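Reader: I would like to learn how to read a structure such as this one feature by feature. Could you take me through it, giving the general idea before each case?

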Amino acid sequence: MSEQTRTRPDGSKTALNDAYDTALLDLDGVVYAGGAAIEHAVDALRTARDGGMHLAYVTNNALRTPDAVAAHLTELGVPAESADVITSAQAVARLIADQVPAGAKVLIVGGEGLRVALRERGLDPVDSADDDPAAVVQGYGGPDLPWHRFAEAGYAVARGVPWFASNTDLTIPSGRGIAPGNGAAVEVVRIATGRAFEPQVAGKPLPPMHRETVLRTGAKRPLVVGDRLDTDIEGAFNGGVDSLLVLTGVTDAAHLLAAPPEHRPTYVDADLRGLLTGQPEVTEAEGGFGCGGWTASVSGEVLALDGGGGSLDGLRALCAAAWTQAGEGSCALDAADALAKLGL
């Protein structure tokens, strides 16, 4: 087992907003969903900010500009400046600009956020494969993105034009449920071109997004805060920084227990109020792991849970039992009864 392999969530005697100087916050599923603030998010962020924590909003959603995102956050009650927002559109624009001539044309399949980011890097967004683009880039374009834009991308990619994607999240949270994300749109072009091509991807969890975030925030002791194991938490793992998983988005307790090492967060909490508190320690107990009033253990092919107390403490103890058993793999033990005890 490597030294990097996490076998339990960490404890912290210090409130997280004091232990870290900057929160690198995902947006969809963490701060808001479908345009409305998630419960407790606004008050928690205000308190963290008033206590001196820098709040940076790091999103794989390339649709909106940083100005638009900052305005929306302010409307929700969280004052934010454009410079506080870092998007995958900005990360992919820098990635493209490093590889094509200044002023090059880039065929865009996406929204205004991607156009603004490309122009910021001195690139010229175009809409047709007949415009002789030096690159093709896809970013989330929202539910009204015209179908013919995928055809234009497919024509150019099939001719060998370098292909980029802001991110490859297959889904995105909305106020009505889970909707197709940019990764689903990338798959459309991949299928149309015979699956012979792969885009260069900038967004979380890959290094270009981490580089963009560090360059723009100047964070010294960052804490990544997200709801997705395969983007937010893996991105923190790849960047060598700590992370907080909140259970307000796409990740549920069962997925957390099955997480491989790169998807295991440093901390786990119900929502953004977790920024304002310490984190309870998970300790080795007789035959298992304890947190709060709970003890979790492995019994044959089952994760067992005994005791009582808060559901999050029970989940943290279960994580320790599951991750220790799995080592560098993914836990496949039956956790249904244990999670039922916690109401999860």
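**Reading one helix and its surroundings**

Author: Let us begin with one residue: leucine 118 has its place in helix H5 (residues 112–120), where helices (H or I, at least four residues) and strands (E, at least two) are DSSP runs, numbered from the N terminus. This is a predicted model, in which local features need pLDDT of at least 70 and side-chain atom pairs count only at pLDDT 80 or more, while totals for chains, interfaces and linings use all residues. Residues are numbered from 1 along each chain as its sequence is written, and side-chain values use heavy atoms, with hydrogens and water left out.

Reader: Is leucine 118 buried or exposed?

Author: Buried means under 20% relative accessible area, exposed over 50%, and partly exposed in between (1.4 Å probe, protein chains only). Leucine 118 has 0% relative accessibility and therefore counts as buried.

Reader: Which residues is leucine 118 in contact with, leaving aside its neighbours within four places in sequence?

Author: Contact means heavy atoms within 4.5 Å. With those neighbours left aside, leucine 118 is in contact with Ala93, Ile96, Val106, Ile108, Leu123, Pro125 and Val137.

Reader: What does glycine 113 touch, not counting residues up to four places away in sequence?

Author: Glycine 113, which also lies in H5, counts as buried at 3% relative accessibility. Not counting residues up to four places away in sequence, glycine 113 touches Ala62, Leu63, Arg64, Thr65 and Ala89; the C-alpha atoms of glycine 113 and alanine 89 are separated by 6.5 Å, although these residues are 24 residues apart along the chain. Threonine 65 is found in the loop between strand S4 (54–59) and helix H3 (66–76), and threonine 65 is buried, with a relative accessible area of 13%. Apart from neighbours within four places in sequence, threonine 65 is in contact with Glu112, Gly113 and Val116.

**Helices against helices**

Reader: How many of the residues of helix H4 are buried?

Author: Helix H4 (residues 88–97) is mostly covered, with nine of its ten residues buried; among them are Ala89, Ala93 and Ile96.

Reader: At what angle do the axes of H4 and helix H8 cross?

Author: Axes are lines fitted to C-alpha atoms, for helices over the stretch in contact, and angles run from 0 to 180 degrees between N-to-C directions. The axes of H4 and H8 (residues 207–217) come within 9 Å and cross at roughly 105°. Angles under 35 degrees count as roughly parallel, over 145 as roughly antiparallel, 65 to 115 as roughly perpendicular and the rest as oblique, so H4 is roughly perpendicular to H8. The contact is made by Ser88, Gln90, Ala91, Arg94 and Leu95 of H4, together with Pro208, Met209, Arg211, Glu212, Leu215 and Arg216 of H8.

Reader: How do the residues of the contact of H4 with H8 divide by class?

Author: Ala, Val, Leu, Ile, Met, Phe, Trp, Tyr, Cys and Pro count as nonpolar, Asp, Glu, Lys and Arg as charged, and the others, Gly among them, as polar. In the contact of H4 with H8, five residues are nonpolar, two polar and four charged.

Reader: What is the arrangement of helix H6 and helix H7?

Author: H6 (residues 148–158) and H7 (residues 182–192) pack at an angle of about 50°, with their axes 9 Å apart, and are therefore oblique to each other. The contact is made by Phe150, Ala153, Gly154 and Val157 of H6 and by Ala185, Val188 and Val189 of H7, and by class this contact has six nonpolar, one polar and no charged residues.

**Backbone details in loops**

Reader: Where should I look for backbone details worth reading carefully?

Author: The peptide bond from lysine 204 to proline 205 is cis, with omega near 15°, and proline 205 is found in the loop between strand S12 (200–201) and H8. Histidine 40 has a phi near 75°, a positive value in a residue other than glycine; histidine 40 has its place in the loop between strand S3 (36–37) and helix H2 (41–50) and counts as partly exposed at 30% relative accessibility. Aspartate 132, although not a glycine, has a positive phi of about 55°; aspartate 132 lies in the loop between strand S7 (124–126) and strand S8 (135–138) and is exposed, with a relative accessible area of 66%.
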